Amino acid sequence: MKLLFKRELCFAMPEAFYTLLNNEVIKAGVKPEVTTIILNFSDPTYSATNGGFHSVEIMLTKQSSIWALSYATDLAYHGAPYPELVKEIDVCFTAKRVYHLYGGWLNKRESAELAALFIDNFIEYYKMGVYTVEIS
């Protein structure tokens, strides 16, 4: 099943981002009747002590036959002495806003810049093959 996206509802994203989402959904054999997809990209070696690539969760929602990006969240270990996995960057595509753990809700310009940087880096890490992908 190939996803058709309503791209004008969110930040401008590179074509490679939509391609990798489609590739993962096709690989997983997602059924056409599904209306919500959550993709979890994780580095199996990532830990609070050794570092690694942050996990990324992306949610897609179906509206009629068109899919929309809902959010993309970067999860990282923070805190001491007992680090917890928390949202470091949260891109809300529908509101066109970005939340950062240390900056709160960013303004429009900062949101667009951080979203672009975050997604560009995510695409490169994906291409490097660092992620294990689970779809629910």
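**I119**

I began with the contacts of I119 in this predicted model, and, once neighbours within four places in sequence were left aside, I found I119 in contact with M13, P14, F17 and A72. I119 lies in helix α2, and because its relative accessibility is 1%, I entered I119 as buried. I also looked up the separation from A16, which is 103 residues from I119 in sequence, while the two C-alpha atoms are 9.8 Å apart in space.

**Helix α1 against helix α2**

I next turned to the pair of helices, α1 covering residues 15–28 and α2 covering residues 108–127, and noted that their axes come within 10 Å and cross at roughly 50°. That angle is why I wrote down α1 as oblique to α2. The crossing in which α1 passes α2 is left-handed. For the residues that make the contact, I listed A16, F17, L20 and E24 on the α1 side, and I119, F122, I123 and Y126 on the α2 side. Sorted by character, the residues of this contact give 7 nonpolar, no polar and 1 charged.

**Helix α1 on its own**

I then checked the length of α1: at 1.5 Å a residue, its 14 residues should span 20 Å, and since the end C-alpha atoms are 20 Å apart, the expected and modelled values agree. Which residues of α1 are buried? I found F17, Y18, L20, L21, N22, E24 and V25. The elements that cover these buried residues include β1 (36–42), β2 (55–63), β3 (66–78), α2 and β7 (132–135). After α1 comes G29, for which I noted a positive phi, near 65°.

**E24**

Is E24, which is found in helix α1, buried or exposed? Its relative accessible area is 6%, and because buried means under 20%, E24 counts as buried. Not counting residues up to four places away in sequence, I recorded that E24 touches L39, F41, Y126, V133 and I135. Of these, Y126 also appears among the α2 residues in the contact between the helices, where E24 is listed for α1.

**E57**

Lastly I looked up E57, which lies in strand β2, one of the elements included in the cover over the buried residues of α1. With neighbours within four places in sequence set aside, E57 is in contact with I38, L39, N40, Y71, A72 and T73. A72 is also a contact of I119, and L39 is also touched by E24. I closed the entry with the pair E57 and V130, which are 73 residues apart along the chain and whose C-alpha atoms are separated by 14 Å.

Technical notes: Residues numbered from 1 in each chain as written. Predicted model: local features only at pLDDT ≥ 70, side-chain atom pairs only at ≥ 80, totals over all residues. Heavy atoms only, no water. Axes fitted to C-alpha atoms, helices over the stretch in contact; angles between N-to-C directions. Helix = DSSP H or I, 4+ residues; strand = E, 2+ residues; numbered from the N terminus. Parallel < 35°, antiparallel > 145°, perpendicular 65-115°, else oblique. Left-handed = near helix turned anticlockwise from the far one by under 90°. Contact = heavy atoms within 4.5 Å. Nonpolar A, V, L, I, M, F, W, Y, C, P; charged D, E, K, R; others polar. Expected span 1.5 Å × (residues − 1). Buried < 20%, exposed > 50% of the residue type's maximum accessible area, 1.4 Å probe, protein only.
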